[in-house]
Amino acid sequence: MNYIKIYRFEDAPEELKMLSTNGGDEDWIAIIPPSLQDEYIPWLEEGGSFGCFKVEEYMLENGDKVLIGCHA
């Protein structure tokens, strides 16, 4: 896969939603494959539109990175 997959938090698969420790203020989930993890992707950074308060980061066993954008 050579693309970033984005879900609204409420539409994401349960196994991805369960990764979050933010407690209800999540807005977006992004899945970034290993082939794109070294790219600079400014709109996924903390403080921006993806996660204005915080962006949580997790690694899946398959090497994908999961980012969860939170608003508070």
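The sulfur of Cys52 lies 9.1 Å from the closest cysteine sulfur, that of Cys70, which is too far for a bond. That comes from a predicted model, and here is a friendly tour of what else the model shows. The main features to look at are an open sheet of four strands and a nonpolar core of ten residues.

**Cysteines**
- The disulfide count for this model comes to zero, because a disulfide needs two cysteine sulfur atoms within 2.5 Å.
- Cys70 is in no disulfide, and the nearest cysteine sulfur, 9.1 Å away, belongs to Cys52.
- The surroundings of the two residues are worth a look as well: Cys52 is partly exposed, with a relative accessibility of 48%, whereas Cys70 is buried at 0%.

**The sheet**
- The four strands of the open sheet come in the order 1-2-4-3, and their pairing is antiparallel.
- Strand 1 (5-8) and strand 3 (54-59) form the edges, each pairing on one side only.
- On average, neighbouring strands of this sheet are turned by 20 degrees against each other, direction ignored.
- Strand 1 and strand 2 (residues 26-32) run antiparallel and are joined by four bridges.
- If you would like to trace that pairing in the structure, Ile6 has Ala30 as its bridge partner in strand 2, and Arg8 has Trp28.
- Strand 2 is also joined to strand 4 by six bridges, again in an antiparallel arrangement.
- Glu26 stands opposite Cys70 of strand 4, the buried cysteine described above.
- Five of the seven residues of strand 2 are buried, so this strand is largely enclosed by the rest of the structure.

**Nonpolar cores**
- The largest nonpolar core has ten residues: Tyr7, Phe9, Ala12, Leu16, Ile29, Ile31, Tyr58, Val66, Ile68 and Cys70.
- At least two residues of this core come from strand 2, and at least two from strand 4 (65-70).
- Strand 4 gives the most to this core, supplying three residues.
- Ile68, one of the core residues, touches a long list of residues beyond four places away in sequence, including Phe9, Leu16, Ile29 and Tyr58.
- Other contacts of Ile68 include Leu19, Trp28, Phe50 and Val55, along with Ser20, Glu26, Lys54 and Glu56.
- There is also a second, separate core of eight residues, with Ile32, Ile41, Phe50 and Val55 among them.

**Lys17 in helix 1**
- Lys17 is found in helix 1, which covers residues 14-17.
- Is this lysine buried or exposed? Lys17 counts as buried, because its relative accessibility is 17% and the cut-off for buried is under 20%.
- The side chains of Lys17 and Glu14 are joined by a polar contact of 2.8 Å.
- Leaving out residues up to four places away in sequence, Lys17 touches Phe9, Glu10, Ala12 and Ile29.
- Among those neighbours, Phe9, Ala12 and Ile29 belong to the largest nonpolar core.

**Gly48 in a loop**
- Gly48 is found in the loop between strand 2 and strand 3.
- With a relative accessible area of 27%, Gly48 is partly exposed.
- The C-alpha atoms of Gly48 and Tyr3 are separated by 20 Å, and the two residues are 45 residues apart along the chain.

Key: Residues numbered from 1 in each chain as written. Predicted model: local features only at pLDDT ≥ 70, side-chain atom pairs only at ≥ 80, totals over all residues. Heavy atoms only, no water. Pairing = 2+ DSSP bridges. Axes fitted to C-alpha atoms, helices over the stretch in contact; angles between N-to-C directions. Buried < 20%, exposed > 50% of the residue type's maximum accessible area, 1.4 Å probe, protein only. Polar contact = N/O pair within 3.5 Å; in protein donor to acceptor, adjacent residues only side chain to side chain. Contact = heavy atoms within 4.5 Å. Core = buried A, V, L, I, M, F, W, Y, C linked by side-chain atoms within 4.5 Å.
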